[in-house]
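User: I am new to this structure. Please take me closely through one part of it, the place where two helices pack together, and set that part in its surroundings.

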Amino acid sequence: ARVGRRRADLESLLSLSALACLAVDSSACTSLSFMLSFGAMWGMIRITPRLLRLIPPDLPLTLQKFLAGIAGSLGAMAGTFPITAFFFQSFPPLGILANLWAVPLMGSIATPALLLSQCIPGILGRWFLVLADYACDLALNGLALVEIPVWPFALGPWATLALGGLLCFRR
């Protein structure tokens, strides 16, 4: 998009990455991890910007960042809600707060450290692997300290399809 001096359309890029995954493994679309990953990304692309516009620009930067994290978490939860309601028949209302703890640890520390551990040979690579493991343990132990209630919420196949379709509307 930049080479062609065009604005990148994130939904098209997400669709292209989904097609690339399906080109490698056509059965991936039946995988729960595929559905949750792409549902969360779609929700963050589609829902989060709408929520970010609601944050007043005159708030302190720290509060803006905190609310932006909540907006991102809400977007991801909206994108995965039909899937979780269908497959798990539940909804964790405090999952938003759990994401504020776990996502930064996983996205900022664990994933980059894991990737670096695979790229760097020797003891330094192992150090990055230990760092990734420590970040995962820290995230899981932090989440284990808080008992997150789960509300029963079951959707059948038609209700899941209808709710997913409603999320696709622009307005």
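Analyst: The whole chain comes first, then the helix pair, then a few single residues.

This is a predicted model, where local features need pLDDT of at least 70, side-chain atom pairs count only at pLDDT 80 or more, and totals for chains, interfaces and linings use all residues. Residues are numbered from 1 along each chain as its sequence is written, and side-chain values use heavy atoms, with hydrogens and water left out.

Start with the overall layout. The chain holds 7 helices and 2 strands. Helices (H or I, at least four residues) and strands (E, at least two) are DSSP runs, numbered from the N terminus. Their order along the sequence is α-α-α-α-β-α-α-β-α. The C-alpha trace spans about 50 × 45 × 40 Å along its principal axes. Of the 171 residues in the chain, 27% are buried. Buried means under 20% relative accessible area, exposed means over 50%, and partly exposed lies in between (1.4 Å probe, protein chains only). A contact means heavy atoms within 4.5 Å. Among contacts with a separation of 6 or more, 67% join residues 24 or more positions apart.

Now the helix pair. The axes of α1 and α2 are 10 Å apart, and the two helices pack at an angle of about 170°. Axes are lines fitted to C-alpha atoms, for helices over the stretch in contact, and angles run from 0 to 180 degrees between N-to-C directions. So α1 is roughly antiparallel to α2. Angles under 35 degrees count as roughly parallel, over 145 as roughly antiparallel, 65 to 115 as roughly perpendicular, and the rest as oblique.

Which residues make the contact? From α1 come L10, E11, L14, S17, A18, C21 and L22, and from α2 come F34, F38, M41, W42, I45 and R46. By type, the residues of this contact are 10 nonpolar, 1 polar and 2 charged. Here Ala, Val, Leu, Ile, Met, Phe, Trp, Tyr, Cys and Pro count as nonpolar, Asp, Glu, Lys and Arg as charged, and the others, Gly among them, as polar.

Next, the core. The largest nonpolar core has 7 residues: L14, A18, A28, F34, F38, W42 and I45. Such a core is a set of buried Ala, Val, Leu, Ile, Met, Phe, Trp, Tyr and Cys residues joined through side-chain atoms within 4.5 Å. Helices α1 (10-24) and α2 (32-46) each supply at least two of its residues. The largest share, 4 residues, comes from α2.

Look at L22 in helix α1. L22 is partly exposed, with a relative accessible area of 25%. Leaving out residues up to four places away in sequence, L22 touches A28, C29 and F34. A28, leaving aside its neighbours within four places, is in contact with L22 and F34. P104 is 82 residues from L22 along the chain, and their C-alpha atoms are separated by 28 Å.

What about disulfides? The whole structure has 0 of them, a disulfide being a pair of cysteine sulfur atoms within 2.5 Å. For C21, the nearest cysteine sulfur is that of C29, 11 Å away. C21 is partly exposed, at 34% relative accessible area.

Last, a residue elsewhere in the chain. Q89 is found in the loop between α4 (61-87) and β1 (90-91). Its phi is near 50°, a positive value in a residue other than glycine. Q89 is partly exposed, with a relative accessible area of 46%.
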